[in-house]
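Hello,

Here is the structure I promised to pass on to you. Have a look at it first, and then read on for a short tour of what turned up.

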Amino acid sequence: MSFEPTERVDLERSGLRVTRLGFGGASIGGLFAAVDEDDAIATVEHAWSLGIRTFDVAPLYGYGAAERRLGAALAGKPRDAYVLSTKVGRLVRREDEIPPGAEIDRQAADGREDSFYVRSEPVRLVFDYSGDGVRRSLEESLERLGLDRIDIALIHDPDEHWEAAIGEAYPALARLRDEGVIRAIGAGMNQSAMLERFAHEGDFDVFLLAGRYTLLDQEALGELLPLCVDRGIGILVGGVMNSGVLADPRPGSRFNYQPAPPAIIERARRIAAVCQRHDVPLRAAAIQFPLAHPAVVSLIAGVRRIDHLDEYPELMRRPIPSDLWDDLRAERLIPEAAPVP
């Protein structure tokens with residue numbers, strides 16, 4: 001079994017249809033390294049030429065730069081032909097406009113070489129999961145994108161802001177969905193436990209799960225993914241290379257946006273060795289594994305260059321022998337219960 005990247009899959013609760021392969025905007029916003037604007041736009045345009053029709057972005061990604069670049073690339077494209085998601089919970093603000101007492105996102109870029117995004121302007125990200133903050137965030141995202149609507153709005157990384165996220169951001173998004181302003185609502189996180197809470201306590205259509213259901217990390221397998229199948233919540237899976245260690249397991253590789261611990265590198269190398277025995281690229285197995293779960297509707301690929309993007313359709317379509325998955329199970333590198341292609 002392999003996967004067709006341009007296949008359309010229903011987000012059953014919303015009526016939206018996403019492509020199996022989606023484009024994630026973090027890298028074109030300058031995740032870990034600056035990206036030239038023309039190169040970023042060309043990469044999105046190439047995604048379109050490949051038949052990708054699902055695009056995910058956020059104000060966090062390059063302090064709004066990714067939204068501007070994505071919007072420039074999509075300008076003039078038929079709006080009903082693609083699905084666009086962005087996120088709420090952080091507002092981009094000039095440093096001299098931030099009111100006293102505002103909570104600044106200290107983990108985002110601040111110009112240091114080890115930050116996620118390097119600032120090119122004197123701006124900061126301010127946490128705001130209030131109802132007014134949600135509406136302002138979406139209005140500002142539309143302005144940066146230069147588009148007339150967003151299809152999916154996701155509450156972004158509310159790890160330390162549960163009460164505001166479920167008590168304020170969620171009701172605001174639910175109202176906008178009821179009014180037809182947006183088609184679907186959800187949350188995007190790098191953990192599964194809080195997404196489980198959202199699934200139990202709210203009426204959500206979709207979650208973006210980054211890094212927690214991969215060939216290396218199956219945190220979401222036991223609780224979140226079965227719950228999403230039961231409730232009809234579609235999963236957009238991101239971070240399938242776990243920040244890079246699954247693409248190139250060596251000292252210095254990243255895992256969960258940080259330098260990978262030795263134990264993680266060793267586990268990734270063991271997975272790579274099994275793949276090598278079967279003459280299968282590690283990246284192909286890493287791409288196809290999460291797509292086999294029935295909760296997963298789309299894989300969001302975060303790439304900064306055209307050549308990186310071109311690998312995804314090829315590797316999604318590559319046949320993988322069932323013996324490879326059997327060997328990974330036998331070496332306890334994937335759980336017995338994990339669906340495989």
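**The barrel and what packs on it**

Eight strands close into a barrel here, with parallel pairing, and going round it the order is S3-S4-S5-S8-S9-S10-S11-S14. On average, neighbouring strands of this sheet are turned by 25 degrees against each other, direction ignored. Please keep in mind as you look around that this is a predicted model.

For one pair of strands, take S9 (residues 184-189) and S10 (residues 206-210), which are joined in the parallel sense over four bridges. Methionine 189 has leucine 209 in S10 as its bridge partner.

Helices lie against the strands too. Helix H3 (residues 131-145) lies across strands S5 (83-88) and S8 (152-156), and it runs at about 135 degrees to S5. Helix H8 (residues 282-291) also packs on the sheet, where it touches S11 (234-238) and S14 (296-302). The direction of H8 makes about 150 degrees with that of S14.

**A hairpin at S1 and S2**

Strand S1 (residues 8-11) pairs with strand S2 (residues 16-19) over four bridges, in the antiparallel sense. Valine 9 finds its bridge partner in valine 18 of S2. The two strands form a hairpin with four residues between them, and in the turn glycine 15 has a positive phi of about 85 degrees.

**Tryptophan 162 and glutamate 201**

Tryptophan 162 belongs to helix H4 (residues 162-178). Is this residue buried or exposed? Tryptophan 162 counts as buried because its relative accessibility is 8%, below the 20% cut-off. Leaving aside neighbours within four places in sequence, tryptophan 162 is in contact with Gly167, Met194, Arg197, Phe198 and Glu201. One of these, arginine 197, is 35 residues away along the chain, yet the two C-alpha atoms are separated by 9.4 Å.

Glutamate 201 sits in helix H5 (residues 193-201). With neighbours within four places in sequence left out, the contacts of glutamate 201 are Trp162 and Ile166. Isoleucine 166 and glutamate 201 are 35 residues apart in sequence, and their C-alpha atoms are 8.0 Å apart in space.

**Arginine 124**

You will find arginine 124 in strand S7 (residues 123-127). With a relative accessibility of 18%, arginine 124 counts as buried. Its side chain is joined to that of glutamate 95 by a polar contact of 3.4 Å.

**A pocket to look at**

The second largest pocket has a volume of about 360 Å³. It is lined by 19 residues, and the closest to its centre are Gly62, Ala65, Arg68, Val118 and Ser120. Helix H2 (65-74) and strand S6 (90-94) each supply at least two residues of this lining.

**Two loop residues with positive phi**

Asparagine 242 is not a glycine, but it has a positive phi of about 50 degrees. Asparagine 242 is found in the loop between S11 and strand S12 (254-255), and at 3% relative accessibility it counts as buried.

Aspartate 279, also not a glycine, has a positive phi of about 55 degrees. Its place is the loop between helix H7 (262-277) and H8. How exposed is aspartate 279? Its relative accessible area is 60%, so aspartate 279 is exposed.

Enjoy exploring it, and best wishes!

Technical notes:
Residues are numbered from 1 along each chain as its sequence is written. This is a predicted model: local features need pLDDT of at least 70, side-chain atom pairs count only at pLDDT 80 or more; totals for chains, interfaces and linings use all residues. Side-chain values use heavy atoms; hydrogens and water are left out. Two strands pair if DSSP finds at least two bridges between them. Axes are lines fitted to C-alpha atoms, for helices over the stretch in contact, and angles run from 0 to 180 degrees between N-to-C directions. Contact means heavy atoms within 4.5 Å. Buried means under 20% relative accessible area, exposed over 50%, partly exposed in between (1.4 Å probe, protein chains only). A polar contact is a pair of N or O atoms within 3.5 Å; within protein, one must be able to donate a hydrogen and the other to accept it, and residues adjacent in sequence count only if both atoms are side-chain atoms. On a 1 Å grid over the protein atoms alone, a cavity is a set of points where a 1.4 Å probe fits but cannot get out, and a pocket is an open set with protein on both sides within 12 Å along at least five of seven lines; lining residues have an atom within 4 Å of a point. Grid points are joined across faces, edges and corners, and a volume is the space filled by probe spheres set on the points.
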